[in-house]
There are 2 protein chains.
Amino acid sequence: MPRTSTAKERLTEAALKMIWRHSYGATSVDAICDQAKVKKGSFYYFFKSKCDLAVAALEADWKAQRAQLDTIFSPTVPPLERLRLYFEFSLEHLQKIKEECGAVLGCPLNALGSEVCTQDTALRAKIHEILDRKLTYFESVIRDAHAQGLIVAPDAKAKARTLFMFTQGALTQARIQNNLELLADIYPCTLDLLGAPAPEPSR
Amino acid sequence: MPRTSTAKERLTEAALKMIWRHSYGATSVDAICDQAKVKKGSFYYFFKSKCDLAVAALEADWKAQRAQLDTIFSPTVPPLERLRLYFEFSLEHLQKIKEECGAVLGCPLNALGSEVCTQDTALRAKIHEILDRKLTYFESVIRDAHAQGLIVAPDAKAKARTLFMFTQGALTQARIQNNLELLADIYPCTLDLLGAPAPEPSR
DNA sequence: TTCGAATTTGACTAATCAGTCAATTTCCCG
DNA sequence: CGGGAAATTGACTGATTAGTCAAATTCGAA
């Protein structure tokens, strides 16, 4: 049975959406409360500050994403196929959001992290933590691909970090330019970056 | 003779520094005026809005950086050496700033662009424009390197974009994690990404 | 030196900001 | 049903926000 959403859930959901859409600084507590249909008094009953809400919002979002990522990055899937699936999934998600709000939003961790990292220690720490966990998926992919002789990457950690920087950079550029096409070749570019043989073009 | 700085110059300089250091949203016009020793009335005599100032600040900074970039990316320098010099220069700059303010700040265009791109069209357009110009340097490097047989990159534009995404992503990660070491291997990683033979390790 | 333009000043909005709080309502458990 | 905890409310504060403006000052050229 579909349990009705709680005020706390509505707040974290609205917060993530609005902060991602606009920015941390441009999103006021009042606006979040309006969107979530919650009075400000209630807000401060659940959260002790705006930053506290942002941390909770990231945590809730990560918890929800995890299951999907675990499916995509399942060890039963061939390593490079995991990456293809991941990019496909991410692009579809960004496409859907673009249709909703008209903008390419990139990665919320990147956008928010870059904005608040010099202002709020707790928020930065949470973002750092989640980014590290995401990196772990890449690491295991590359380790497996190397073990199976699909690519040459004796230092999986380093290679994963490079790939991670590239993909995160691509997401940021797509956001800044509001252009999803910048991400169209992200999978073949990844294969190239990893030194994997390009898949045969279907004809 | 060292001309004394004008109020307008002090404003753009302070604006860039403070916005880069903190963020666009967290930097108030009052704070910028204080830093620049200019009264707010004067501010609005020179600029019609905070966003207008930010555009002017980016433009002034770009104008100042251009000469240095033209030197680093001079066609008389071997292509891959240009990249090495560029990373060296960037790292030294970030190191110096870190010593000043204790934080790794990454790329101002990236940080600011990611924050304001959904809020302010003029600012976004200016950032897009400057990013495109920076990309041009990479393009010419890669075109030259390809022509000289140092790398294989028939599509210089695409390769430059990939490299650009990687380096920008690296800068953002370094900012978020406040860790300059993430940039330590950026040149060898770039060579690897370009498929250039690694330089012999000195012993 | 004089005059008009460029610049500087500080006091002033009106809106918005994050955050507080006592009083009230709703909820669940015994 | 009763009572205590959990949740909700709306009015409130004091600080900060971007932006305005008329008056005063400085500057440069004739």
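**Exercise 1. The packing of a helix**

Which helices are included in what covers the buried residues of helix 2 of chain A? Work this out on the predicted model shown above.

*Solution.*
Step 1: List the buried residues. In helix 2 of chain A they are Ile32(A), Cys33(A) and Ala36(A).
Step 2: Look down the helix axis. The buried residues of helix 2 of chain A fall within an arc of 100°, so they line one face of the helix. A general rule helps here: an α-helix has 3.6 residues a turn, so residues three or four places apart point the same way.
Step 3: Find what lies over that face. The cover includes helix 1 (7–21) and helix 3 of chain A.
Step 4: Walk off the end of the helix. Lys37(A) follows helix 2 of chain A, and its phi is positive, near 55°.

**Exercise 2. Chain A as a whole**

Describe the make-up of chain A, beginning with its helices and strands.

*Solution.*
Step 1: Count the elements. Chain A has 9 helices and 0 strands, and its pattern along the sequence reads α-α-α-α-α-α-α-α-α.
Step 2: Take the dimensions. Along the principal axes, the C-alpha atoms of chain A fill a box of roughly 60 × 45 × 30 Å.
Step 3: Check burial. Chain A has 203 residues, and 39% of them count as buried.
Step 4: Check the range of the contacts. Among contacts in chain A with a separation of 6 or more, 62% are between residues 24 or more positions apart.

**Exercise 3. A length check on helix 5 of chain B**

Compare the expected span of helix 5 (residues 79–101) of chain B with the distance between its end C-alpha atoms, then find its packing partners.

*Solution.*
Step 1: Compute the expectation. The helix has 23 residues, and at 1.5 Å a residue it should span 33 Å; the factor of 1.5 Å is applied to one less than the number of residues.
Step 2: Compare with the model. The end C-alpha atoms of helix 5 of chain B are 34 Å apart, which agrees.
Step 3: Identify the buried residues. They are Pro79(B), Leu80(B), Arg82(B), Leu83(B), Tyr86(B), Phe87(B) and Leu94(B).
Step 4: Name the partners. These buried residues pack against helix 4 (50–72), helix 7 and helix 9 of chain B.
Step 5: Look just past the helix. Gly102(B) follows helix 5 of chain B and has a positive phi, near 80°.

**Exercise 4. How the two chains meet**

What rotation and shift superpose chain B on chain A? Continue from there to the interface.

*Solution.*
Step 1: Read the operation. A rotation of 180° with 0.0 Å of shift along its axis places chain B on chain A, with an RMSD of 0.0 Å. This is the relation of a two-fold axis.
Step 2: Count the contacts. On the chain B side 31 residues are in contact with 31 residues of chain A.
Step 3: Assign the chain B side to elements. Helix 6 (108–116), helix 7 (121–147), helix 8 (156–177) and helix 9 (186–194) of chain B each supply at least two residues. Helix 8 of chain B gives the most, with 11 residues.
Step 4: Sort by class. The side of chain B that touches chain A divides into 12 nonpolar, 16 polar and 3 charged residues.
Step 5: Compare the two sides. Of the interface residues of chain B, 100% are also interface residues in chain A, so the copies meet through the same surface.

**Exercise 5. The surfaces near the DNA**

Which element gives the most residues to the surface near DNA strand D, and which to the surface near DNA strand C?

*Solution.*
Step 1: Start with strand D. It is surrounded by 15 residues, the closest being Ala7(A), Gly41(A), Tyr45(A), Ser28(B) and Gly41(B).
Step 2: Assign elements. Helix 3 (40–46) of chain A and, from chain B, helix 2 (29–36) and helix 3 (40–46) each supply at least two residues near strand D. Helix 3 of chain A gives the most, with 4 residues.
Step 3: Turn to strand C. Of its 15 surrounding residues, Ser28(A), Gly41(A), Tyr44(A), Gly41(B) and Tyr45(B) come nearest. Here, helix 2 (29–36) and helix 3 of chain A, with helix 3 of chain B, give two or more residues. Helix 3 of chain B gives the most, with 4 residues.
Step 4: Sort by class. The surface near strand D has 5 nonpolar, 5 polar and 5 charged residues; the surface near strand C has 5 nonpolar, 5 polar and 5 charged residues.

Technical notes. Residues numbered from 1 in each chain as written. Chains lettered and ligands numbered in written order. Predicted model: local features only at pLDDT ≥ 70, side-chain atom pairs only at ≥ 80, totals over all residues. Near = placed C-beta within 6 Å. Nonpolar A, V, L, I, M, F, W, Y, C, P; charged D, E, K, R; others polar. Least-squares fit on C-alpha atoms with pLDDT ≥ 70 in both. Contact = placed C-beta atoms within 7 Å. Buried ≥ 20, exposed ≤ 12 C-beta atoms within 10 Å, placed from the backbone. Arc of directions from axis to C-beta.
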